[in-house]
Amino acid sequence: QVQLVESGGGSVQAGGSLTLSCVASRTNIYSAYRSGWFRQAPGKEREGVAAIYPGRGSTVYADSVRGRFTISRDNAKNTLYLQMNDLKPADTGMYYCVAGVDYGDGIWHLPHKYHIWGQGTQVTVSS
């Protein structure tokens, strides 16, 4: 069974930056599956943050993070990244790395579209 292990979370002040990493326990996961990042704030539903598609690696972002966050992958290292700049208190939450089959429906932002989840890493942004 594939495991995804996130790291890089922490506490920063507003305007700061963090880079999250997610290492997969099996090779070719990120080249075979649509992968991405979700986050969940206390009392709120999980929210799709960004995704990257297999193949050419096209990317999509939630409106709330577009222009501030960048998703990328390194297939040779089996690692997915999320570079987060200009962080805001609203970005606070548990961030999860995910991977799932791309059925070509363009629905990347719903949790049930992904069958592989990491354990999460906490990001806290203070004002």
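Is Ser-21 buried or exposed? Ser-21 is buried, because its relative accessible area is 17%, and the cut-off for buried is under 20%. Keep in mind that this is a predicted model.

Where does Ser-21 sit? Its place is in strand E3. Now look at what surrounds this serine. Leaving aside residues up to four places away in sequence, Ser-21 touches Val-5, Glu-6 and Ser-7. It also touches Trp-37, Thr-79, Leu-80 and Tyr-81.

Stay in strand E3, which covers residues 18-24. In a regular strand the side chains alternate between the two faces of the sheet.

Next comes the disulfide. A search of the whole structure finds one. Cys-22 and Cys-97 form it, and their sulfur atoms lie 2.2 Å apart. The bond links distant parts of the chain. Cys-22 is in strand E3, while Cys-97 is in strand E9, residues 93-100. The two cysteines are 75 residues apart. Which hand does this disulfide have? The torsion about the S-S bond is about -90°, so the disulfide is left-handed. Check the two ends as well. Cys-22 counts as buried because its relative accessibility is 0%. Cys-97 also counts as buried, with a relative accessibility of 0%.

Now move to strand E5, residues 47-52. How many of its six residues are buried? Five are, so this strand is mostly covered. Strand E5 has pairing partners to follow in turn.

Start with strand E4, residues 34-40. Five bridges join E4 to E5, and the two strands run antiparallel. For one pair to find in the model, take Arg-39, which stands opposite Glu-47 in E5. E4 and E5 form a hairpin, with six residues between them. Look in that turn for Gly-43, which has a positive phi of about 80°.

Then take strand E6, residues 59-61. Three bridges join E5 to E6, and these strands run antiparallel. Here the pair to find is Ala-50 and its bridge partner in E6, Tyr-61. E5 and E6 form a hairpin with six residues between the strands. In this hairpin, Gly-55 takes a positive phi near 80°.

Put the pieces together. Strand E5 is joined by bridges to E4 and to E6. Elsewhere, the disulfide ties Cys-22 in E3 to Cys-97 in E9. Ser-21, the residue we began with, is also in E3.

Key
Residues are numbered from 1 along each chain as its sequence is written. This is a predicted model: local features need pLDDT of at least 70, side-chain atom pairs count only at pLDDT 80 or more; totals for chains, interfaces and linings use all residues. Side-chain values use heavy atoms; hydrogens and water are left out. Buried means under 20% relative accessible area, exposed over 50%, partly exposed in between (1.4 Å probe, protein chains only). Helices (H or I, at least four residues) and strands (E, at least two) are DSSP runs, numbered from the N terminus. Two strands pair if DSSP finds at least two bridges between them. A disulfide is a pair of cysteine sulfur atoms within 2.5 Å. Contact means heavy atoms within 4.5 Å.
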